[in-house]
Amino acid sequence: MANPGYGKRSAPGQRPRTTSDFAHLLPRDAAVAAYVDGLCDGADISVNTLAKTLPYGQCALRTTLNRLQEAGHLRRGSECVATEEALIWVTRTFFSRTSRGDEWWDAFTRGDVPPEQAPQRPTRSRSFILLAALGRHTPALTLSQADCVTLEPQVSEWFERGATEPEILHALTEGLPPRIHHAAALVRRRLLDKLPPTRVAAPPPRAVVLRTLECGECRAPAAPEALTGGMCGPCRGSGPDPSATRGPEGAVPVQGVRARMSAVRAGLVPRADRTRR
């Protein structure tokens, strides 16, 4: 394991493991990727540590990690972590079993990960399961499978309007008459008469993410859009990328930092004068 806060960090929203996750990679790269994928978060996956465990040398492993980065499975960078005393920046290697493009890693750095493809619909819907279990909660309202299929769209409409399962159960079972002659008819009537209005949920607050990425070759920090395939422009041989050194909007240009600091120092009040005042 790496020091607390450092090491491997799994990217969010990955698909379930399959035997063909890394079939598109070279055999050695696939073997290393499968090994790293099986490690828990916080594991030390530096070249030195991997070389002590895997049957490959440090040079081979360094080449493999760079190829995994190029294939979209890995990015190196830093992340701001809150401790009880302060905020500290730690070095992390982000790993994704699912191959990601540069745009996805760019969004991940901003804390705005694109939504994944919707999961496959289960065999039985949430509405059908609630209706089928209604008899266990209230035996007098036991429904047949045909009744559950018929009433399923009405319960789905309740869920679409923001109702919860306890709320639906309360609406269907509270204040029942002493004798129930037709459970499906009573449930249908209550689902229609007590249908709630549509609820508008407030959007969740957006989390503030402090995270940067760096070039996998020279380890220089850069804007995510400047790291094509995880490498900066000079390391790709395409010359320096202005966006990698431009910094955020309003930042002082590199050539003007010294002049700005001199102006700040000149405006400071000496300690002796501050004491007298």
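R9 counts as buried at 16% relative accessibility, where buried means under 20% relative accessible area, exposed over 50% and partly exposed in between, computed with a 1.4 Å probe on protein chains only. This residue lies in strand β1 (residues 7–10), helices (H or I, at least four residues) and strands (E, at least two) being DSSP runs numbered from the N terminus. Leaving aside its neighbours within four places in sequence, R9 is in contact, meaning heavy atoms within 4.5 Å, with D41, G42, R92, T93, F94 and F95. The C-alpha atoms of R9 and R76 are separated by 10.0 Å, although these residues are 67 residues apart along the chain.

The model is predicted, so that local features need pLDDT of at least 70 and side-chain atom pairs count only at pLDDT 80 or more, while totals for chains, interfaces and linings use all residues. Residues are numbered from 1 along each chain as its sequence is written, and side-chain values use heavy atoms, with hydrogens and water left out.

The protein chain has 13 helices and 5 strands, and buried residues make up 34% of its 277 residues. Among contacts between residues at least 6 apart in sequence, 60% join residues at least 24 apart.

Helix α1 (residues 27–38) and helix α3 (residues 58–70) pack at an angle of about 80 degrees, with their axes 10 Å apart; axes are lines fitted to C-alpha atoms, for helices over the stretch in contact, and angles run from 0 to 180 degrees between N-to-C directions. The two helices α1 and α3 are therefore roughly perpendicular to each other, on a scale where angles under 35 degrees count as roughly parallel, over 145 as roughly antiparallel, 65 to 115 as roughly perpendicular and the rest as oblique. From α1, the residues R28, D29, V32 and A33 meet A60, L61, T63, T64, R67 and L68 in α3. The residues of this contact divide into 5 nonpolar, 2 polar and 3 charged, with Ala, Val, Leu, Ile, Met, Phe, Trp, Tyr, Cys and Pro counted as nonpolar, Asp, Glu, Lys and Arg as charged, and the others, Gly among them, as polar.

A nonpolar core is a set of buried Ala, Val, Leu, Ile, Met, Phe, Trp, Tyr and Cys residues joined through side-chain atoms within 4.5 Å. The largest such core has 20 residues, of which L131, L143, V155, I168 and V187 touch the most other members. Two or more residues come to this core from each of α5 (126–132), α7 (145–160), α8 (165–173) and α9 (183–193). Beyond its neighbours within four places in sequence, V155 is in contact with S127, L130, L131, I168 and L191. A second, separate core of 15 residues includes A33, I45, V47 and L50.

In α4 (102–110), the buried residues are W104, W105, D106, A107, F108 and T109, and what covers them includes β2 (74–82), β3 (87–95) and β4 (211–214). G111, whose phi is positive, near 80 degrees, follows α4.

Two serines in loops make side-chain polar contacts, a polar contact being a pair of N or O atoms within 3.5 Å; within protein, one must be able to donate a hydrogen and the other to accept it, and residues adjacent in sequence count only if both atoms are side-chain atoms.

| Residue | Loop | Relative accessible area | Side-chain polar contact |
|---|---|---|---|
| S125 | between α4 and α5 | 8%, buried | E152, 2.4 Å |
| S46 | between α1 and α2 (47–53) | 32%, partly exposed | T49, 3.1 Å |

S46 and R62 are 16 residues apart in sequence and 9.0 Å apart in space, C-alpha to C-alpha.

R219 is placed in the loop between β4 and β5 (221–222) and is partly exposed, with a relative accessible area of 45%. Its phi is near 65 degrees, a positive value in a residue other than glycine. Most residues other than glycine have a negative phi.
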